[in-house]
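Here are my notes on the model you sent, written as numbered points so that you can check each one in your viewer. I have put the cut-offs in where each term comes up.

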Amino acid sequence: MDALTHTCSGILIGQALRPLSMVRRQTLVVLGLAALAPDVDVISYLWGPELYSRLHHAYTHTIIGVAVLAVMLAGIERTWVRGIGFARLVILNLAGCSVHLLGDLIALWPLRLLWPWSGHDFALRWTGDFDLVVLVVVGLATGLAATDGLQHRARWILGAVLLILAGYFWWFPGAAGLQ
Ligand SMILES: [Zn+2]
């Protein structure tokens, strides 16, 4: 899944959580960052595509990798986030990172979720690693849920997104992105 869809999916979850208005913006930033964070392994591309193809989805896209990432992010964020405690930050980051794993799980590039206990590769292959339809649906929903008029309907919007995507994957399996 691409970076924009990941980030929007995290923000959308935050919008649906209905955080208090005083911490709303921070919550959305934390969740947006967390939903992007596991892709930090793309920096391995600096050392060449071969290393990237070996490391991408291998460590930061595992259950243990996400747990470590969530604690690290919460530790950094507690220095500038006000009104959200460390434990809550860890939970928010876990939620955001988990949404990222789900977004990647439905695509093609396999995830070694259970590393180091198992080297099994997980990939549902419902869609490609980039799917314009998913991006448009999730991006549009995030934008709608950010408007004043629809802010309080964010849970319904999230529900509609899940229904639309479920239908899309069911009736048009791999319509976009699958070669
Ligand atoms: Zn990823």
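1. Helix 2 (21–36), helix 5 (86–105), helix 6 (132–146) and helix 7 (154–171) are among the elements that cover the buried residues of helix 1. Helices here are DSSP runs (H or I, at least four residues; strands are E, at least two), numbered from the N terminus. A residue is buried if 20 or more other C-beta atoms lie within 10 Å of its own, exposed if 12 or fewer, and partly exposed in between, with C-beta atoms placed from the backbone.

2. Two notes on the basis. This is a predicted model, where local features need pLDDT of at least 70 and side-chain atom pairs count only at pLDDT 80 or more, while totals for chains, interfaces and linings use all residues. Residues are numbered from 1 along each chain as its sequence is written.

3. Helix 1 itself covers residues 3–17 and reaches 22 Å from its first C-alpha to its last, close to the 21 Å expected at 1.5 Å a residue (the expected span is 1.5 Å times one less than the number of residues). Of its 15 residues, 11 are buried, and they include Thr5, His6, Leu12 and Gln15. Just after the helix comes Arg18, with a positive phi near 55°.

4. Cys8 is a handy residue to click on in helix 1. Cys8 counts as buried because 26 other C-beta atoms lie within 10 Å. Leaving aside neighbours within four places in sequence, Cys8 is in contact with Val138, Gly139 and Thr142 (contact means C-beta atoms, placed from the backbone, within 7 Å). The C-alpha atoms of Cys8 and Leu31 are separated by 9.1 Å, with their positions 23 residues apart along the chain.

5. The axes of helix 1 and helix 2 come within 7 Å and cross at roughly 145° (axes are lines fitted to C-alpha atoms, for helices over the stretch in contact, and angles run from 0 to 180 degrees between N-to-C directions). The crossing is right-handed (clockwise; it would be left-handed if the near helix were turned anticlockwise from the far one by less than a right angle). Among the residues making this contact are His6, Gly10 and Gly14 of helix 1 and Leu28, Leu31 and Ala35 of helix 2.

6. Helix 1 also packs on helix 5, at an angle of about 135° and with the axes 9 Å apart. That makes helix 1 oblique to helix 5 (under 35 degrees is roughly parallel, over 145 roughly antiparallel, 65 to 115 roughly perpendicular, and the rest oblique). This crossing is right-handed. Thr5, His6, Ser9, Gly10 and Ile13 in helix 1 meet Ala95, Gly96, Val99, His100 and Gly103 in helix 5.

7. Helix 5 has helix 4 (residues 63–77) as a partner too, at an angle of about 135° with the axes 8 Å apart. Helix 4 is therefore oblique to helix 5, and the crossing is right-handed. The residues that meet include Leu69 and Leu73 in helix 4 and Leu94 and Leu101 in helix 5.

8. Which residues of helix 6 are buried? They are Val134, Val138, Ala141, Thr142 and Ala145. Seen down the axis of helix 6, these fall within an arc of 100°, so they line one face of the helix (the arc is that of the directions from the helix axis to the C-beta atoms). These buried residues pack against helix 1 and helix 7.

Notes: Two residues are in contact if their C-beta atoms, placed from the backbone, lie within 7 Å.
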